[in-house]
Amino acid sequence: MRVIAGTLLALALAPGAPNVIATRPELPRVILDTRMPARTGRTVTLRAGDDLQAALNKAQPGDEIVLQARATFTGGFMLPLRKGGALPGTGAVITIRTSDIAALPEGRRVQPSDSMSMARIVVPQNGMEAITTAPGTSGFRIVGVEITAAPSVNLVSRLVRLGDGSNTQHALDAVPQNIVLDRTWIHVGPKVDIRRCVDLHSGASAIIDSYIAGCHSANGDAQAILMYNGPGPYRIMNNYLEGSGENVMVGGADPFIPKMIPSDIEIRRNHFFKPMSWKIDDPSYAGKLWTIKNLFELKMGERVLVEANVFENSWVSAQVGFALLLKTTNDVKPALTTKDITVRSNLIRGAAGGVNVAGIDGLMFRVLIDNNLFLDIDNPKWGENGRLFQATNVEDLTITHNTGFVRGTMFGLEPPDCPRLTFTDNLVGHGQYGIKAGGVGIGSATLAKVSPGYTFTGNVVVGGESAVYPPGNNFVRSALEVGWADPTASFPVIGPKSLYARRGANGTTAGADGAALEKAVEGVTSPRPTR
């Protein structure tokens with residue numbers, strides 16, 4: 001990765017083992033430069049009672065609107081039509097920030113405890129949106145602001161709407177560009193029904209170093225962040241994210257811009273979390289039952305990087321509890337694709353199932369799941385799912401160097417075919433069914449039936465019978481025989497003296513690289529500088 005000053009980061013293709021991973025996904029072509037811009041225009045300072053909308057209407061690119069820390073600005077506010085820089089890091093922007101910015105250093109994720117250093121934007125009534133955008137506007141950054149609803153509010157559609165997810169935004173020239181939410185605390189109260197904390201239907205936009213919480217609904221899916229009617233590129237970086245339906249969803253509705261697919265999406269170093277207080281096991285409970293689904297869902301998209309995140313808590317409720325769903329699901333004709341998806345170096349813990357990869361109409365291509373650690377998957381407390389991986393109708397799916405164990409099914413493979421599946425160098429529990437498709441035998445029989453051109457080698461599998469699998473893999477009777485470097489480690493790995501060390505492709509050791517993964521997610525569950 002290299003910095004192009006003031007514009008973009010060019011993301012280089014990571015080195016790999018080309019004889020094992022034949023078709024790697026393309027990574028995002030651009031990653032947004034989200035460093036704080038310089039002020040080049042006026043500074044306008046607002047105190048409690050001043051007219052924020054009037055200040056926004058007068059502001060020009062390069063200006064800075066400084067909101068007094070702890071002051072409350074009540075109402076809904078629109079970012080007016082301006083033509084600032086089209087990309088973060090290019091051209092002048094209008095900055096709206098707290099006066100106590102020194103207490104919120106750049107690169108540190110904010111917490112609710114930082115509220116005394118923030119200005120507040122508060123919606124006073126049901127159905128009102130705190131921040132919206134004029135069609136086609138560009139060049140705004142909101143920094144160090146709390147965005148919430150008044151205590152009397154109990155129903156919110158969305159708090160922040162960047163762009164428009166309706167037919168009103170049906171052409172690219174109507175899409176807002178270069179909008180950055182930086183060090184924001186976006187939340188509602190514990191009893192508020194809200195469908196969305198942030199609608200991200202803009203282009204070249206980012207949410208960074210922010211804390212987005214309480215995004216829950218009993219009336220359908222709720223997300224911390226939803227994007228489907230904007231082209232990207234997007235940067236979702238170093239945030240805490242709560243959502244009852246999906247914490248983050250790409251897709252979920254068809255875009256109104258013809259042939260537009262959200263693309264070049266970077267999702268890095270975020271803590272995806274569902275509070276256990278949302279898990280109601282007592283069917284007689286008379287309170288709100290939020291609609292619980294998964295932690296991350298992709299229904300369309302291209303060149304998506306999901307890296308160095310912590311995904312935590314996903315249970316059987318309105319869905320079957322997979323932590324991650326990577327799909328092609330839309331009604332557009334011809335249908336839009338999901339392709340070039342990279343999921344690497346993530347920690348996934350506390351879920352009924354691991355990752356489900358599912359295409360439609362043969363329109364899902366090139367998915368890489370690499371160097372991820374799955375902990376506490378398929379524990380009965382999360383409900384009945386029992387699958388570490390599941391896939392159907394995807395071409396060139398590569399699952400390599402992952403570690404995870406389940407009681408039920410290591411890998412559920414279902415027709416239509418998944419051609420050129422690569423499953424290599426994983427350290428996995430076989431479970432009861434191993435690799436299995438309905439109506440087909442375990443292991444090689446399923447692979448031959450569902451995955452023409454498959455590669456299955458270099459894996460260390462705890463349980464199962466080697467005779468029903470392709471050669472070139474290692475089967476052990478129990479986890480005690482793996483030869484752990486440290487069986488009590490938070491990031492367990494096969495030790496250098498194990499019989500199964502360096503038995504994988506190119507002399508590698510099966511499973512996730514514990515040291516690299518631990519470094520990748522260090523501090524993700526707590527605030528720390530990331531730049």
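This passage walks through the disulfide, the nonpolar cores, the largest pocket and several individual residues of a predicted model.

A good place to begin is the cysteines. A search of the whole structure turns up one disulfide, and the partners are Cys197 and Cys215, with an S to S distance of 2.1 Å. Cys197 sits in strand 16 (residues 193–201), whereas Cys215 belongs to the loop between strand 18 and strand 19, so the bond ties together parts that are 18 residues apart in sequence. The torsion about the S-S bond of Cys197 and Cys215 is about -105 degrees, and the disulfide is therefore left-handed. Both Cys197 and Cys215 are buried. Another cysteine, Cys418, is buried too, with a relative accessible area of 1%.

The loop that holds Cys215 also holds His216; this loop runs between strand 18 (211–213) and strand 19 (223–227). Is His216 buried or exposed? Its relative accessibility is 2%, so His216 counts as buried. Leaving out residues up to four places away in sequence, His216 touches Gly189, Pro190, Val192, Asp193, Ile194, Ala222, Ser244, Trp278 and Trp290.

Next come the nonpolar cores. The largest has 96 residues, and the members that touch the most others are Ile225, Phe296 and Phe411. For Phe296, the contacts beyond four places in sequence are Val248, Val250, Ile267, Phe272, Val306, Phe311, Ala323, Leu324, Leu325 and Leu326. A second core, separate from this one, has nine residues, among them Leu427, Val476, Val482 and Tyr500.

Lys293 is found in the loop between strand 24 (271–273) and strand 25 (294–298). With 18% relative accessibility, Lys293 counts as buried, because the cut-off for that label is under 20%. Neighbours within four places in sequence aside, Lys293 is in contact with Asp221, Ser244, Gly245, Glu246, Lys274, Ser314, Trp315, Ala318, Gln319, Gly321 and Phe322. Ser244 thus appears among the contacts of Lys293 and also among those of His216. As for Ile121, 172 residues from Lys293 along the chain, the two C-alpha atoms are separated by 30 Å.

Asn313 lies in strand 27 (residues 310–314) and is buried, with a relative accessible area of 7%. Beyond four places in sequence, Asn313 touches Phe273, Lys274, Met276, Leu295, Arg349, Gly350 and Trp382. Lys274 is in contact with Lys293 as well.

Gly464 offers a contrast in accessibility: with a relative accessible area of 34%, Gly464 is partly exposed. The loop between strand 42 (460–462) and strand 43 (474–476) contains this glycine. Which residues are in contact with Gly464, leaving aside neighbours within four places in sequence? They are His430 and Phe475. Gly464 and Leu373 are 91 residues apart in sequence, and their C-alpha atoms are 21 Å apart in space.

The backbone has some features to look for as well. Two peptide bonds with omega near 0 degrees are cis: the one from Gly232 to Pro233 and the one from Pro415 to Pro416. Pro233 is placed in the loop between strand 19 and strand 20 (234–237), and Pro416 in the loop between strand 37 (409–414) and strand 38 (422–424).

Positive phi values also occur outside glycine. Phi of Ala308 is near 60 degrees, and Asp425 has a positive phi of about 60 degrees. Ala308 lies in the loop between strand 26 (301–307) and strand 27, the strand that holds Asn313. Asp425 has its place in the loop between strand 38 and strand 39 (427–429). Ala308 counts as buried at 4% relative accessibility, and Asp425 is buried with a relative accessible area of 3%.

Finally, the largest pocket has a volume of about 440 Å³. Of the 20 residues lining this pocket, the closest to its centre are Ser345, Asp370, Asn371, Asp513 and Ala516. Which element gives the largest share of the lining? That element is helix 3 (residues 514–520), with four residues. By character, the lining of the largest pocket divides into eight nonpolar, six polar and six charged residues.

How values were computed:
Residues numbered from 1 in each chain as written. Predicted model: local features only at pLDDT ≥ 70, side-chain atom pairs only at ≥ 80, totals over all residues. Heavy atoms only, no water. Helix = DSSP H or I, 4+ residues; strand = E, 2+ residues; numbered from the N terminus. Buried < 20%, exposed > 50% of the residue type's maximum accessible area, 1.4 Å probe, protein only. Contact = heavy atoms within 4.5 Å. Core = buried A, V, L, I, M, F, W, Y, C linked by side-chain atoms within 4.5 Å. Disulfide = S-S within 2.5 Å. 1 Å grid on protein atoms, 1.4 Å probe; cavity = no way out; pocket = protein on both sides within 12 Å on 5 of 7 lines; lining within 4 Å. Points joined across faces, edges and corners; volume = space filled by probe spheres on them. Nonpolar A, V, L, I, M, F, W, Y, C, P; charged D, E, K, R; others polar.
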